[in-house]
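Hi,

Here is the structure I promised to pass on to you. Have it open while you read, and I'll go through what turned up.

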Amino acid sequence: MKSKALFPGIILITINSICGLSQIRYTPKPSMITDLEQTTLSLDGPWTFVPNPPDDFSKTDHSFWPETLDITIPCQLTAVYPQYTGAKNLASAAYQRSFLVPDSWKEKSIKLRFGSVEGLAEVWINGKRAGEHDGGYIPFELDITALVHVAESNVITLKVSRSDLSRTSTRDFLGMTQSAYLMALPQVHLSRLHVNTTFDKNFVNANLALDLDVINEGRHTVRNTELTMRLTGPDGNIVPISPDHHRIARILSNKKETIALDLPVESPKHWESEHPYLYELELTLHHSGAEKITVRQKIGFRQVEVRGRELYINNTPVKLHGTNYHTRFPLKGHAITREEVGNDLQAFREANINYVRPFPSTEALPALCDEMGLFMSMETPVTFIDVDFFKAHKGLGEDEAYTKALKKLTLEKIEVFRNHPSVIIWTVGNESDFTLEAFTTAGEATQLADDSRPVMAEAHLDKFGIGLPYTDIDNVHYPNLRDRSVPADRPMIYGEWSHIFLNNAKEHHADPGIRDYWYRYMEKHMDYTYTTDGVVGGCIFSGNDGIKYRAPDKGKQYLAFGIRDSWRRAKPEYWHTKKAYSPVRVNHGRIRTEPGKPVQLEVFNRYNFSNLKELKVLWQYARQQGEISADIPAQRKGILSVPVVMDADQRSTSLKLKFVHPSGYLVDEYSIPLKNENATARPEPTTTDQSKPLVITETDSTLQISGDHFEYRINTSTGLIGDIRIKGQHVLKSGPHLVATRYYADKATLCSEWNLKNISTQRLSDSLQVRVSGAYKEARGIFTYTFHADGRFGIHYDFEWLLDSERPPRPATGDVRETGIAFKADPGLTQLEWIKDSYWTVYPDQHIGRPEGSASMGTTVESDRFSPLITDWKNDDSVYGTRDFRSTKTNIRYMALSNSNHEGLALISGGHQHSRSYYDHNETSLTWVISDFYGGGYENFVQNFGVAYDQRVLEKGSKLRDTVEIRPTASRSEMDKIKRAIKNRNPDVGRP
């Protein structure tokens, strides 16, 4: 992918002619023009809009139009005006406004630039046709010099119609989602500027190749035009270049002069994602005496190559930690501002994402990636061409007109974005049959137009993304991690992977805990990347949630496929992304502690380019703290030495580590237990059991067990616990119920048709044991209850599954996501608190997977996700309760449900059980599930593509067996006492 250096002028002119670049105009925007203070004129703001304009729409006087609407540009029509969403009778739309051209623009060339028009755009100025453009999201330019009246009012009319090219973007908004403006230029100006950088074999010195056109749009020949060049480094100092000027003897009227120059640059700083050093190239044209025009272009010295099965940036093989990015914002859609894009990119960067796949891009996005340090691909915005799952786009891949239009749009994309160092890959489209003529033509034209970057096709099936002759990198959406197979001779990038759970909305709406469970899939993908040759990386689907604007009768659709929601609040997956993508991986299994010596930790530096010593490492151990660094080269393992002095009496205290980026944000954080094997063990607290003996009362229908502050009642006709009271307060309605919840279900699936076979009691020295046998339609077995004088009661269940497993397409009906028991509790138990083991050692306070916390049930009123939300994501409400309250908490040590007086029930576990509680709005009760198995939710874009996931298949004869220990709680102090006892027994509780 190196540029051709021999005879650059001849070769570039030939390539431009062959691939059609000479017909595409994207004038470099001037930063200064002599004697011209105002060089641009914005056309943003109010426009008159009319749907399905009449035949005389191009008239300058729009009073002849039918009903009109005032609309503010930029605007996504369907987001702001839902009456036009999905309206099949909206075949076209027209926009019109007036503008005044400044008197200072006399004798200037005037260009009209649109940032994005979604559809076939036809433009009239003062009733005269100016030109057209087909295809959205790519900026385009028209020359309107001959059509405007200087120092007078002018009228611009835009008609946007549906076309094959626009509808295959799958957006089809018929609107203007980015800014439009006019640009004034001297008649002699730069009309094209291509920059490319390559390094010598040692990647020390570089060549800056310039390919540019100077055009004369005046009526007379221009002589003795001089082009001067200046290069400024990231430090603001001038960098010597030679030549630094070029003289053009003459340029004929309406002709252009093509210039190709190679400028050697000694030892430039490399541009890459971790060190985005940008140089500024200043080009100034001197002509017609004193007239000058200056263009400034940001330059990054960056070289992209494919070598065998690896992708190299600046002679370094890289791994891409990526995300998909839909550039849209709530209530505005794709009319997103530069500031909003910048905020998104900063959030991605802080999540340790180094690669972005936007669909579509905005003009500002690659410039921001250049500045902030993010690799990106640039994709032609078309999708679903000639694939079975999308019939509407069938037949276009071999259509001659579509092939021609797609090639032109592809080349326009290259012309607009080629000077950005952040753009490391050209992509020909999304999830289509890339073997067809439309894409082979576009791909070959891409290779001819710019051979400094590899080409890729974002494919949904192997046959469409692997081994294509016009691509350099293979691509598949959703890797098959089961057989870990990748192509033998080329790099592989997974343009979509580790899909955020979306397609089972019913399930993840009821149990947000599956979003916490998602870390397992992200970790599997990263393990696959770092242990499988040829895998460069992939992109999470996706960076932010979205809102799909549909026809008014269908309403809006919320698309919850992001690691942040549409309002940019971090979801649980955001932290999991930050941790899984972290460049700093501390090996918990390789910790060395010796008396009198620093603690030694093995660390894997997964940065592509950065030595770990560039990060600030803050450490804290008990009252000790400090700042250190680690000299570990990029992509290497090494030792981090922490000067901890361990307390002789301290059995276990966590060493806290924070890795801070030079720009100030947190890269990663760890809390690592350090055990002092020589410390004296703490004695277990001794207490004398002063509980009163159990009082057992039997009637014809109930068995009542009573003690201090508690009362249990067993229904003798069912053998189930029918009532539990704490200090007289009702806390439990019924249970236990055997649970085997299928995938796709929202509520827990309780086994049905329970029939009691036998119930018996046995008095032990310090407890009462009740044995209940019976059968459900699905399983048969025994519940054994053990009641203690202090209120503790245990439930052991031992059941055998009675049904044959069915094995239809995944997930099978025999697959279950949770098994265990459930209770129907009083809805007054609105307070939840827990201690649990968690996968990561550190979590944000607002994360539903945090190892210790509390949550409230909430109002059980659905939050409106289509309106701005200002609460924490975890506190959003639904008919099941808040997200924090209703989400499954895995690997429980302690879980308590209580009322406002702290009267309730506490689960005491060894870390293998899981718990979720939710308000059952149909039964107006609280369901409390305690599961021995939890497999998260089901997302077909993860599990159906060969990702190994935790599953349990119930077949005839399968055993469901576990023991649950529950304690009543009557006060805050009692709950705290239980928690202290748990932590005393295991100082590392809550840690992995």
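Let's begin with helix H11, residues 519–531, in what is a predicted model. How far apart should the ends of its 13 residues be? At 1.5 Å a residue the helix should span 18 Å, and the end C-alpha atoms are indeed 18 Å apart, so the expected and computed spans agree. If you colour H11 by burial, you'll find these residues buried: Tyr-519, Tyr-521, Met-522, Glu-523, His-525, Met-526, Tyr-528 and Thr-529.

Next up, the second largest pocket. Its volume is about 1,100 Å³. The lining takes in 39 residues, and the ones nearest the centre are Tyr-26, Lys-29, Glu-363, Ala-367 and His-420. Sorted by class, that lining holds 14 nonpolar, eleven polar and 14 charged residues. Which helices and strands each supply at least two residues of the lining? They are strand S12 (188–199), strand S21 (291–299), helix H5 (364–372) and helix H6 (400–417).

Two of those elements deserve a stop of their own.

Take H5 first. Eight of its nine residues are buried, so the helix is largely enclosed by the rest of the structure. The buried ones are Ala-364, Leu-365, Pro-366, Ala-367, Leu-368, Cys-369, Asp-370 and Met-372. You've met Ala-367 already, as one of the residues nearest the pocket centre. Right after H5 comes Gly-373, which has a positive phi near 90°.

Now S12. Here twelve of the twelve residues are buried, so this strand too is largely enclosed by the rest of the structure. Its antiparallel partner is strand S13 (residues 206–216), and eleven bridges link the two. To see one bridge, look at Arg-192, whose partner in S13 is Asp-213. The hairpin has six residues between the strands, and Phe-203 in this hairpin takes a positive phi near 55°.

On to the sheets. One is an open sheet of six strands, in the order S4-S3-S5-S10-S7-S8, with antiparallel pairing. Which strands sit at its edges? Strand S4 (69–73) and strand S8 (128–134) do, each pairing on one side only. On average, neighbouring strands in this sheet are turned by 25° against each other, ignoring direction. Inside the sheet, strand S5 (residues 92–100) and strand S10 (residues 153–161) pair in the antiparallel sense over nine bridges. Ala-93, for example, has Val-160 in S10 as its bridge partner. One thing to keep in mind as you look at any sheet: in a regular strand the side chains alternate between the two faces.

There is also an open sheet of three strands, ordered S35-S36-S39, again with antiparallel pairing. Strand S35 (584–592) and strand S39 (636–642) are at the edges with a single partner strand each, so one side of each has no neighbour in the sheet. Neighbouring strands here are turned by 30° against each other on average, direction ignored. Strand S36 (residues 599–605) pairs with S39 in the antiparallel sense over seven bridges, and Gln-600 stands opposite Ser-641 in S39.

Last, some backbone details to click on.

- The peptide bond from Ile-73 to Pro-74 is cis, with omega near 5°. You'll find Pro-74 in the loop between S4 and helix H2 (77–80).
- Ser-242 and Pro-243 are also joined by a cis peptide bond, with omega about 5°. Pro-243 belongs to the loop between strand S15 (238–239) and strand S16 (245–251).
- Asp-386 isn't a glycine, but its phi is positive, at about 55°. This residue is in the loop between strand S27 (375–379) and H6.
- Lys-727, a residue other than glycine, has a positive phi near 50°. Look for Lys-727 in the loop between strand S45 (721–726) and strand S46 (729–742).

Buried or exposed: what can be said of Asp-386? Its relative accessibility is 14%, and buried means under 20%, so Asp-386 counts as buried. Lys-727 has a relative accessible area of 44%, so this residue is partly exposed.

Have fun clicking around!

Definitions and conventions. Residues are numbered from 1 along each chain as its sequence is written. This is a predicted model: local features need pLDDT of at least 70, side-chain atom pairs count only at pLDDT 80 or more; totals for chains, interfaces and linings use all residues. Side-chain values use heavy atoms; hydrogens and water are left out. Two strands pair if DSSP finds at least two bridges between them. Helices (H or I, at least four residues) and strands (E, at least two) are DSSP runs, numbered from the N terminus. Axes are lines fitted to C-alpha atoms, for helices over the stretch in contact, and angles run from 0 to 180 degrees between N-to-C directions. On a 1 Å grid over the protein atoms alone, a cavity is a set of points where a 1.4 Å probe fits but cannot get out, and a pocket is an open set with protein on both sides within 12 Å along at least five of seven lines; lining residues have an atom within 4 Å of a point. Grid points are joined across faces, edges and corners, and a volume is the space filled by probe spheres set on the points. Ala, Val, Leu, Ile, Met, Phe, Trp, Tyr, Cys and Pro count as nonpolar, Asp, Glu, Lys and Arg as charged, and the others, Gly among them, as polar. The expected span of a helix is 1.5 Å times one less than its number of residues. Buried means under 20% relative accessible area, exposed over 50%, partly exposed in between (1.4 Å probe, protein chains only).
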